Number of protein chains: 12
Amino acid sequence: MPIVKIIELIGESPNSWDEAMKNLITEAQQTLRGITRIGVREMDVRLVDDRVDVYRVRAEVSFRVIRS
Amino acid sequence: MPIVKIIELIGESPNSWDEAMKNLITEAQQTLRGITRIGVREMDVRLVDDRVDVYRVRAEVSFRVIRS
Amino acid sequence: MPIVKIIELIGESPNSWDEAMKNLITEAQQTLRGITRIGVREMDVRLVDDRVDVYRVRAEVSFRVIRS
Amino acid sequence: MPIVKIIELIGESPNSWDEAMKNLITEAQQTLRGITRIGVREMDVRLVDDRVDVYRVRAEVSFRVIRS
Amino acid sequence: MPIVKIIELIGESPNSWDEAMKNLITEAQQTLRGITRIGVREMDVRLVDDRVDVYRVRAEVSFRVIRS
Amino acid sequence: MPIVKIIELIGESPNSWDEAMKNLITEAQQTLRGITRIGVREMDVRLVDDRVDVYRVRAEVSFRVIRS
Amino acid sequence: MPIVKIIELIGESPNSWDEAMKNLITEAQQTLRGITRIGVREMDVRLVDDRVDVYRVRAEVSFRVIRS
Amino acid sequence: MPIVKIIELIGESPNSWDEAMKNLITEAQQTLRGITRIGVREMDVRLVDDRVDVYRVRAEVSFRVIRS
Amino acid sequence: MPIVKIIELIGESPNSWDEAMKNLITEAQQTLRGITRIGVREMDVRLVDDRVDVYRVRAEVSFRVIRS
Amino acid sequence: MPIVKIIELIGESPNSWDEAMKNLITEAQQTLRGITRIGVREMDVRLVDDRVDVYRVRAEVSFRVIRS
Amino acid sequence: MPIVKIIELIGESPNSWDEAMKNLITEAQQTLRGITRIGVREMDVRLVDDRVDVYRVRAEVSFRVIRS
Amino acid sequence: MPIVKIIELIGESPNSWDEAMKNLITEAQQTLRGITRIGVREMDVRLVDDRVDVYRVRAEVSFRVIRS
């Protein structure tokens, strides 16, 4: 019987949350097979020296684990 | 005295959350009059065969009910 | 010892949440120095006469307070 | 077998939360039969031009649905 | 574009939560088409005269709305 | 060293939440000494045969316990 | 005026949550009169030496207190 | 572009929550212009020497900030 | 010093939540040693073509990690 | 079958949260047998006349009840 | 009538949460009169280059505002 | 593009939460590179035979993942 595992990741981008999410999806797909859902849990912006440094999206990633 | 009713909908798009939200608003406006607020409650992405299938926005829709 | 203070703001835009967030950041930077983080807490849309009136983003803003 | 359905309403009054709740109950009873519970979820006041405009009570209404 | 709607129901049974959930599913399917998910939100037991009267399951039901 | 204990009660009244709260306070004071705080956690109304049956206030009651 | 009191219990069973809940109800009824509701708050399983040791159900129990 | 700021206040009264809320509104209006919403977050009662000392309402106050 | 790690899994079954939980426990025990607790976080049912497709239990699994 | 009961206490100390927690544990052990867990729910400090008056720890205490 | 205001601060220390909290209290007392309560909301540690950089305590500070 | 991963651990000590947290940090640093934050989620004490057995701190650990 397959099972679903859920992990949490934070995607980042210097430009926008859209790009941060795209980076998160790209990274997740390079290391995980069988992803079924990515759910946003938090969005924030970090600033350094009064300038936006990075957009961040924290998300939970669900994927099927098939034991061979 | 008018009253406000609140329902929950999920808007979907194969392309982005922005479009998912626009679809949700369009659909809500075609069946409901007097909408005053649409508040986001959850955003996620569903994947099929390791590809993004659909962007989803779950939102609560408030609208005035006028009984005649 | 410096300390961090956290306040809550709502940014608005007639066009999109992206622009609402940009307005929030711009306004926050004009009155506050040393901002380190802006975290989204709520996103909604207000409608008037069955049309979208304003996109709103509620966020918490953290900034360092340096007493001289 | 009967089933219970739960919906959310906002009652309003220019004078008080008590009256807002009474309006909510009156309206709910005119359109629904078999209400068993009304539970408060949120209370707020809206102001316009620096004056109280409306007291609001958001509540969930449970009622039995009897299919004939 | 189809849209998903979410409503809340309470299923009941004098015997068990399993049966309460089965009643909820049966009832939901008789009035709704296109159900995609039923998520449990609360489980409780009501007692009358020191005996178990009814097992209750509160759940949210998601279903696709197709406008013709 | 004295310690504070916290218990939960529901006060009821056929007429209003104000009276339900007053009943809760009166009852709590008849069995407990040293109450320091009563905090509201939930307010609802129960209906029977389409009429309001009882107003209910659920609250947590904190009181000092002095062991002799 | 009667009042309702709410306490929290954890029922246990080596076999199932159903049995854990039955044990909780049985125990509660042996020491309390006038129980009106038992609401589930948490369900878990404890393991010892890689075997299931006990199924646990944490629930809140509401009961009427009649002072004579 | 104007922005909305949100602060938290606690209003108090020796007599009732209604009066505590009225005091909170009065005080808020004397120091803030452009208030749009006051939302209740918590209601409690403090007791001293087994008597009710003060009714308290904690609320969040939203107001428009217009920079000149 | 040993440490405890917590991960999240979703167990599934076409027949019941009981079986979904049993599948989750079985799978977890085949890949992890030293499990101490499995706590339920969410239960739902997914439907396809108006039929129940799968019962799902989402749970957090705690287990001791012994570094050699 | 033994059952577990959960109560809430607040421990206090004029010096630190550590001492407040130690006081809570000491007090709990003098009146309860079979305590299995004490879980922190809230930590705060109360001040009087601009000085720290008391450190407080609110915690839930679980203990086994053995009926004879 | 005096009113209570609540703000949020983060205290920091390179050594411990105890010291972070002490810094927070010291700073708060230098700019605010009439503080009545400081409640912890979050505790974390930030690391840089695999070393602990700063202990942080986020807390809400309540203080009386006396208008002259 | 680097990504941040978040996992949950429980640190333990027979003596104090401070030591439990230190154990957690030490263990995390021995298996993970690039830790940026450790945030407390829960603190409790477990007792055996009416004595404190272990202090526990549950925390989420964020660390950068660099794919080569």
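Q: How many residue pairs are in polar contact across the interface of chain C and chain A?
A: Start by looking for N and O atoms that face each other across the boundary. In this predicted model, the rule finds 7 residue pairs in polar contact between chain C and chain A, both residues being at pLDDT 80 or more.

Q: Which elements of chain C supply at least two residues each to the side that touches chain A?
A: They are α1 (17–31) and β2 (35–48) of chain C. The largest share, 7 residues, comes from β2(C). By kind, the residues of this side of chain C divide into 7 nonpolar, 4 polar and 2 charged.

Q: What area do chain C and chain A bury between them?
A: Here is the general idea: the size of an interface is often given as the accessible area lost when the parts come together. For chain C and chain A that is about 1,000 Å², with 54% of it on carbon and sulfur atoms. On the side of chain C, the residues that lose the most area to chain A are Q29(C), R37(C) and V40(C), together 38% of what that side buries.

Q: Which side chain meets R37(C) in a salt bridge?
A: Look for oppositely charged side chains. E42(A) is the partner of R37(C), at 2.9 Å from N to O, and the rule finds 2 salt bridges across this interface. R37(C) also has a role in strand pairing: it is the bridge partner of R46(A). The two strands, β2 (residues 35–48) of chain A and β2(C), pair in the antiparallel sense over 3 bridges.

Q: Now for another pair of chains. How many residues do chain H and chain K give to their contact?
A: Chain H gives 13 residues and chain K gives 8. In chain H, I10(H), E12(H) and E27(H) lose the most area to chain K, together 45% of what that side buries. The two chains bury about 1,100 Å² between them.

Q: In which sense do β1(H) and β1 of chain K run, parallel or antiparallel?
A: Compare the directions of the two strands. β1(H) and β1 (residues 3–13) of chain K run antiparallel, joined by 3 bridges. One example is I10(H), whose bridge partner in β1(K) is V4(K). Elsewhere between these chains, R58(H) forms a salt bridge with E60(K), where the closest N and O atoms are 3.0 Å apart.

Q: How far apart are the nearest C-alpha atoms of chain A and chain G?
A: When chains do not touch, a distance describes the gap. Those atoms are 18 Å apart, and chain A and chain G do not touch. Likewise, no contact joins chain B and chain K, whose closest C-alpha atoms lie 23 Å apart.

Terms used:
Residues are numbered from 1 along each chain as its sequence is written. Chains are lettered from A and ligands numbered from 1 in the order in which they are written. This is a predicted model: local features need pLDDT of at least 70, side-chain atom pairs count only at pLDDT 80 or more; totals for chains, interfaces and linings use all residues. Side-chain values use heavy atoms; hydrogens and water are left out. Contact means heavy atoms within 4.5 Å. Buried area is the accessible area (1.4 Å probe) that two parts lose on being put together, summed over both. A salt bridge is a side-chain nitrogen of Lys or Arg within 4 Å of a carboxyl oxygen of Asp or Glu. Two strands pair if DSSP finds at least two bridges between them. Helices (H or I, at least four residues) and strands (E, at least two) are DSSP runs, numbered from the N terminus. A polar contact is a pair of N or O atoms within 3.5 Å; within protein, one must be able to donate a hydrogen and the other to accept it, and residues adjacent in sequence count only if both atoms are side-chain atoms. Ala, Val, Leu, Ile, Met, Phe, Trp, Tyr, Cys and Pro count as nonpolar, Asp, Glu, Lys and Arg as charged, and the others, Gly among them, as polar.
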